Amino acid sequence: MLTAATNNIYVGRQPILDRSQALYAYELLFRSGHVEHADVQCEVSATARVITSVFNELGLEQALGDAFGFINVSEDMLMSEALELLPADKIVIELLETIPPTPAVIDRARELVRKGFRLALDDVLDLEEGYKPLVEIASFIKIDLLGVAADALPDVVERFRPYSAKLLAEKVDSAEQARRCHELGFTYFQGYFFARPSVLSTRTLSAGETTLLRLLGMVIGDAETSAMEPLIKQEPALLVNLMRITNSIGSGSNRQISTAREAITLLGRRQLQRWLQLLLFCTQGNSKAQMPLLNMVATRARTMELLAERCDMRDGDPDSAFLTGILSLLPALLGVSMDEVLKTLAVDPAIHGALTDGSGTLGALLRLLRSWEENAVTDFAATLATLPPLSGEDFTVAVSEAMSWAAGLGQ
């Protein structure tokens, strides 16, 4: 459980990807837990002491997996000795644009670098003379795409080229923006562009995708094992994966599983459904590039499941909340519309409504997770208020557990 010192803080995060679209880091966003008031003005209301407490108590170091964590700091937090309690090998200290480059700030920044921390300069719009001492020791320069005119961006990039700091494009909201920044030489990209295709393709699903969705639909519909077995045998890769995961689960047994029927029986329907859902995200295209999307969908689905266990579910249950979270990102993964996905799956009306028009408790849970992912504080607060008896603390506990669970999937 959280202590009184930390239960008024919740943590958001935004992914940072490298040039191959693999997950590199998360920006960790610490927000006031008094979300019923949506205190948007309090951008960095937590002290460094609270941040270290939250980091340790929620197990965020474990939740980051192999990724790094970028943490915003104000001038007061920068000067706090408590900041040094954070693990220098996992944390990048992000200096907010509101911090003036005074001699004291520059000295403190240099001290932190000597102690092994890396620095990022946030919301940079151009190379200003007073900030050059910080630019010289920074590891990352975050350029705000919303604050720089598109035609001025190449000149801004060129001014930073002589420095060793890597350029990070932030507020990247489309694949088109990501491509342009890639061409200009940016090393890292922050945003959910990977989960938001600029144009949804009208292509039809491939045979493998259709098989996975049909199997998922059969499991949801509680079909007989004998009906599922032929479908699995049609896809050799699917059968191999099923054997591998089942033998891993049954590693305490002396008997190796050798047929699809045995595998389904050992796994059980609930585990089989989970496996099929996540396999859709694990087997698409370049697995390295898909990891951010897998991590995002796993965190979303697991958090929704945990929150469903705590709130008044009038339509659905924790399992349907998990499935809703998984299905909500399938259009981004497959490049097809939600209608195309739902054609293949005869899902419960409550799940269908949540995915198509955001209705019901499942729709509210999905909206809550989307607003958290996008750091939409006001929407988050408004949605949480519609989900009694959930509290900000419930959300913090659920999402931290889900992040740890999702990080473990990629290991």
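Here is a short conversation about a predicted model of one protein chain.

Me: Hello! How many helices and strands are there in the chain?
Reply: Welcome! This chain has 411 residues, and buried ones make up 53% of them. As for its elements, the chain holds 20 helices and eight strands.

Me: Are helices α9 and α11 roughly parallel or oblique to each other?
Reply: Let's start with the two axes. Those of α9 (residues 225–233) and α11 (residues 260–267) come within 9 Å and cross at roughly 125°. Angles from 65 to 115 degrees count as roughly perpendicular and those over 145 as roughly antiparallel, with 125° in neither range. The two helices, α9 and α11, are therefore oblique.

Me: Which residues in α11 does α9 meet?
Reply: On the α9 side, the residues are Thr-225, Ser-226, Met-228, Glu-229 and Ile-232. By class, this contact of α9 with α11 has four nonpolar, two polar and two charged residues. The partners in α11 are Ala-260, Arg-261 and Ile-264.

Me: Which helices do the buried residues of α17 pack against?
Reply: Helix α17 spans residues 349–357, and its buried residues are Ala-350, Ile-351, Gly-353, Ala-354 and Leu-355. Their packing partners are α14 (318–328), α16 (338–344) and α18 (360–373).

Me: Which residue caps the N-terminal end of α17?
Reply: Look for a side-chain oxygen 2.8 Å from the backbone nitrogen of Ala-350. That oxygen belongs to the capping residue, Asp-348.

Me: And what phi does Gly-358 take?
Reply: Gly-358 comes just after α17. Its phi is positive, at about 70°.

Conventions. Residues numbered from 1 in each chain as written. Predicted model: local features only at pLDDT ≥ 70, side-chain atom pairs only at ≥ 80, totals over all residues. Heavy atoms only, no water. Axes fitted to C-alpha atoms, helices over the stretch in contact; angles between N-to-C directions. Helix = DSSP H or I, 4+ residues; strand = E, 2+ residues; numbered from the N terminus. Parallel < 35°, antiparallel > 145°, perpendicular 65-115°, else oblique. Contact = heavy atoms within 4.5 Å. Nonpolar A, V, L, I, M, F, W, Y, C, P; charged D, E, K, R; others polar. Buried < 20%, exposed > 50% of the residue type's maximum accessible area, 1.4 Å probe, protein only. Polar contact = N/O pair within 3.5 Å; in protein donor to acceptor, adjacent residues only side chain to side chain.
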